[in-house]
Amino acid sequence: MKRKHFWQRVGKHDGAIYGFYSLIALGVLLPLLQPGFVLTLDMVFTPTIRMPAAMSNTYLFATTLHLLNRLVASDVLEKLLLLLIIWLAGVGMHRLVRSLATQPSDHLQTVSAYFAGLLYAVNPFSYERFMAGQYELLLGYALLPWFVNSLLDWLSRPTRKSTIILSAWAIGISIVSIHAVGFMVLLSVIGLMVKLWQQRHSPDVVWRLTQATAGLICLYLIASSYWLVPLLLGHGKSASVISSFTTSDQTAFATIGRNSIEKIGNVLRLQGFWAENRNLFILPQTHLPVWRLIGTLLWVVIVIGAMSLWRHGQKLLVICLGFTSLLSIILAIGTFNSFLVSHIPLFAGYREPQKFVALVALADCAFAGQGFAVISGAICRYSGRILGWLAAAALFAIPAIWVHPIWWGFGRQLIATQYPGDWYTMNTRLDRDHSSFRTLFLPWHLYMPFAFAGRIIANPAPQFFDKPILISNDPEFAGASVIPDVRASRLTTILIEAGNQADLGKQLAAYHIKYVLLSLDYDYLSYGYLDRQPSLRVIAQSTSLRLYLNEDFRE
């Protein structure tokens, strides 16, 4: 079946497509669009989005947010970003499925693209990652269908134009998510190998693909060299963090399941995220007894769709997505990951292998769209049009019901909240001190529950306050490596012994710490020893913060 070029497939109904996925995004996020920040685990936007301190793949993305923050409030940017993730995921999968339609003029085939787009935007994987605040991973996930669309165009017509377009998608996705780089490599390598095998008796086609591949790699490497070269050479923060990961990390963040069979079952249901058993969010199956039955029904739709696409000549797509999905399942359960970490550079960065479920979701939704059209069409032909459309409506409701906690502000699990007023006041006070100093922020945790957030979040103090803030580098998660930071590690030792010593101020002064800022949250009462230190004096007290001056500090 001949494939139309991506930009030739833009139809007259784009307004309806964009409107539908805008409504889906609002159905999820509307209660969160009131003023305030959505704070959850790894997503801790603050009033000022600062320039990135270190070079990494997300440097341009973070810089763009910083520049936009000069014009738009950061809480507004945060919510626009979340809305965009859902919208891009839905529209991207919709367009991918429409490009694969075996009967493009059929109304049920049109509806099937909406079904696939809805399922890709709203599923257990996307729900759990939203609740964990992993917006960069989600943004890369949302752009994967757009990349696949461009990849298929390039494989069918490896021209200079299609090469530039595909490289642009690859560069753009790698700017927002480093984990998505591995996803793109897997998709591209498998797709290229299948295409070369199909064309093995056509030397001209093989040569054009080889030339285009070389051009694609060169374009990507040149455009990404600013972060990729330091990473490959082992320099910079990203390389340092990845090199610190150990086998303990692989155990701590392993896909959930007592054995490989259970893990495979969880992955097939687009679950297995390590956070599922940490009581951080409601699981979709908690209040839905037929949840597993719905998942099984979806797999029937997926298998039927894959078989139909194969019969209609979409073998390249079926093999590419199917084999990628199979490899992703193997990678997600982690059976061979220790071997891969030892033999593949940077694979240790996937210490949480369940991220590969993103590729399983990609294949599932692409196949499910075709399966939806096949099943609904068959019922129309054999049982009448009315029953066919009723069946379509029932199938269409499945994604909405399957992940019901995602709707309306994630079932009110998340809220839009403001940072306490005294945080702003304290920031102004510290800014008035024009000397060079650091501030120690306590309680000494990297992650902790803050009253204003209503849940455990990453400590936002370094991003919130203008002056340099020191916080813990220990995630305090069994088996997880401590983030490399010699100063923070030494301060951990000092604080552990501080209760039995009277010279804390002197020890802190050695690290150029002039102030100690205590947040009256969580286990702050365990820091009562601060009031017994002769060189630490309380100079400010508010509802949620207490500021100590270190009188041993000298510039």
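This briefing covers an internal cavity, a nonpolar surface patch and several salt bridges in the structure above. The model is predicted, and the values below are computed from it. The structure holds three cavities of 30 Å³ or more and nine salt bridges, and a group of nonpolar residues forms a patch on its surface.

**The second largest cavity**

- The second largest cavity has a volume of about 70 Å³, and its lining is made up of Leu119, Leu268, Leu270, Gly295, Leu298, Trp299, Ile302, Asp364, Cys365 and Trp402.
- Two elements, helix H13 (291–311) and helix H16 (357–383), each give two or more residues to this lining, and H13 gives the most, with four residues.
- By residue class, the lining of the second largest cavity divides into eight nonpolar residues, one polar and one charged.

**The nonpolar surface patch**

- Trp310, Ile319, Phe323, Leu326, Ile330, Phe336 and Phe339 together form the nonpolar patch on the surface, and their combined accessible area is about 670 Å².
- Helix H14 (residues 315–333) supplies the largest share of the patch, namely four residues.
- Leucine 326, a patch member that lies in helix H14, has a relative accessibility of 45% and therefore counts as partly exposed.

**Salt bridges between parts distant in sequence**

- Aspartate 14 and arginine 95 meet through their side chains in a salt bridge of 2.6 Å, N to O; because aspartate 14 lies in helix H1 (residues 14–29) and arginine 95 in helix H3 (residues 74–99), the pair ties together parts that are 81 residues apart in sequence. Both aspartate 14 and arginine 95 are buried.
- Arginine 129 and glutamate 352 form a salt bridge between their side chains at 2.4 Å, N to O. Arginine 129 is in helix H5 (residues 124–131) and glutamate 352 in the loop between helix H15 (337–343) and H16, so this pair ties together parts that are 223 residues apart in sequence, and arginine 129 and glutamate 352 are both buried.
- Aspartate 433 and lysine 514 also meet in a side-chain salt bridge, at 2.7 Å, N to O. This pair links distant parts of the chain, 81 residues apart, with aspartate 433 in the loop between helix H19 (421–431) and strand S3 (438–442) and lysine 514 in strand S7 (residues 513–519).
- Aspartate 433 has a relative accessible area of 12% and so is buried, while lysine 514, at 14% relative accessibility, likewise counts as buried.
- Salt bridges with shared partners join Arg129, Glu352 and Lys355 into one network.

Notes. Residues numbered from 1 in each chain as written. Predicted model: local features only at pLDDT ≥ 70, side-chain atom pairs only at ≥ 80, totals over all residues. Heavy atoms only, no water. 1 Å grid on protein atoms, 1.4 Å probe; cavity = no way out; pocket = protein on both sides within 12 Å on 5 of 7 lines; lining within 4 Å. Points joined across faces, edges and corners; volume = space filled by probe spheres on them. Nonpolar A, V, L, I, M, F, W, Y, C, P; charged D, E, K, R; others polar. Patch = residues over 30% accessible without salt bridge, like charges linked within 9 Å, V, L, I, M, F, W, Y side chains within 5 Å. Areas by Shrake-Rupley, 256 points an atom, 1.4 Å probe, with all protein chains shown as cover. Salt bridge = Lys/Arg side-chain N within 4 Å of Asp/Glu carboxyl O. Buried < 20%, exposed > 50% of the residue type's maximum accessible area, 1.4 Å probe, protein only.
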